[in-house]
Amino acid sequence: TMSQELLCARCAHSIEGEAVRAIDERSWHKACFVCDFCHCALPQQYLAKNERAYCAVCYNRLYGIYCEGCNEMIAPELFQQWNANASNAGPSPVLSFAGRFYHPEHLLCAHCKQPLRDGLSEYQGHPFCQKCYSAVFRV
């Protein structure tokens, strides 16, 4: 049987070698998988709307991203810092958990309700600090 040719969702040319699979299992050349608004290369965590991919900064500028903890919009400047700090080990101005975004002070342990600062564990979609996770689940 003949294998089906893989076409890039952006440029419609054939993809040979490594492809990016995203949004509805479509494929892109790595160089073609860019923000639909500013055309920057997209990181592992991109945001999609109406079958288009965006970097967090542009998505926030266009549609607004709200903190799951307080329901206030997260300022676009914080996402610029977040993108710049992606490889840095310093404190992050924005936290992401289970595909949702938070101000650092609003991502709380589901058990003790304290801000999660030093790592977290997940159970059934809920974040836990290491201490509570160990105590509650006896691990």
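# Notebook: strands, core, cysteines and salt bridges

**Entry 1: the first hairpin.** I began with E1 and E2, which pair in the antiparallel sense over four bridges. The model I am reading is predicted. Opposite Ala-19 I found His-29, which belongs to E2. Three residues lie between the two strands of this hairpin, and Asp-24 has a positive phi near 55° there.

I then looked at where the side chains of E1 point. Val-20 and Ala-22 point to one face and are buried. Ala-19 and Arg-21 point to the other face and are not buried. I noted the general rule beside this: in a regular strand, side chains alternate between the two faces of the sheet.

**Entry 2: a salt bridge at the hairpin.** Which residue forms a salt bridge with Arg-21? I found Glu-25, with the closest N and O atoms 3.5 Å apart. Arg-21 has 48% relative accessibility and so counts as partly exposed. Glu-25, at 56%, counts as exposed.

**Entry 3: the other salt bridges.** I counted four salt bridges in the model. One of them joins Arg-10 to Asp-36, with 3.8 Å between the closest N and O atoms. Arg-10 lies in the segment before strand E1 (19-22), and Asp-36 in the loop between strand E2 (26-29) and strand E3 (47-49), so this pair ties together parts that are 26 residues apart in sequence. I looked up the accessibility of both ends. Arg-10 is partly exposed at 37%, and Asp-36 is partly exposed at 26%.

Next I looked at Glu-18 and Lys-30, whose side chains meet in a salt bridge at 3.6 Å, N to O. Glu-18 lies in the segment before E1 and Lys-30 in the loop between E2 and E3, so the parts tied together here are 12 residues apart in sequence. Are these two residues buried or exposed? Both Glu-18 and Lys-30 are exposed.

I also noted a network of salt bridges that links Arg-10, Asp-36 and Arg-52.

**Entry 4: the cysteines.** How many disulfides does the model have? The count comes to zero. I looked up two cysteines to see why. The cysteine sulfur closest to that of Cys-8 is in Cys-11, at 3.8 Å, which is too far for a bond; the cut-off for a disulfide is 2.5 Å. For Cys-55 the closest cysteine sulfur is in Cys-58, at 3.7 Å, and this is also too far for a bond. Cys-8 is buried, with 3% relative accessibility. Cys-55 is buried as well, at 5%.

**Entry 5: the nonpolar core.** I looked up the largest nonpolar core and found 34 residues in it. Those with the most contacts inside this core are Trp-28, Phe-33, Ile-65, Ile-74, Phe-79 and Phe-101. The elements that give two or more residues to the core are E1, strand E4 (52-54), helix H1 (56-63), helix H2 (76-84), strand E5 (95-97) and E6. Which element gives the most? H1 does, with four residues. As a general note, nonpolar side chains tend to be buried together in soluble globular proteins.

I picked Ile-74 from the core and listed its contacts, leaving out neighbours within four places in sequence. Ile-74 is in contact with Asn-60, Ile-65, Tyr-66, Cys-67, Phe-79, Val-94, Phe-101, Tyr-102 and His-103.

**Entry 6: His-103.** I followed that list to His-103, which sits in the loop between strand E6 (100-102) and strand E7 (121-123). Is His-103 buried or exposed? Its relative accessible area is 13%, so His-103 counts as buried. Outside its neighbours within four places in sequence, His-103 is in contact with Cys-67, Cys-70, Glu-72, Met-73, Ile-74 and Leu-78.

**Entry 7: Leu-120.** Last I looked at Leu-120, which is also found in the loop between E6 and E7. Leu-120 is partly exposed, with a relative accessible area of 31%. Which residues does Leu-120 touch, not counting residues up to four places away in sequence? I found Phe-97, Leu-107, Phe-128 and Gln-130. I also noted that Leu-120 and Lys-131 are 11 residues apart in sequence, with 9.3 Å from C-alpha to C-alpha.

Key. Residues numbered from 1 in each chain as written. Predicted model: local features only at pLDDT ≥ 70, side-chain atom pairs only at ≥ 80, totals over all residues. Heavy atoms only, no water. Buried < 20%, exposed > 50% of the residue type's maximum accessible area, 1.4 Å probe, protein only. Contact = heavy atoms within 4.5 Å. Pairing = 2+ DSSP bridges. Core = buried A, V, L, I, M, F, W, Y, C linked by side-chain atoms within 4.5 Å.
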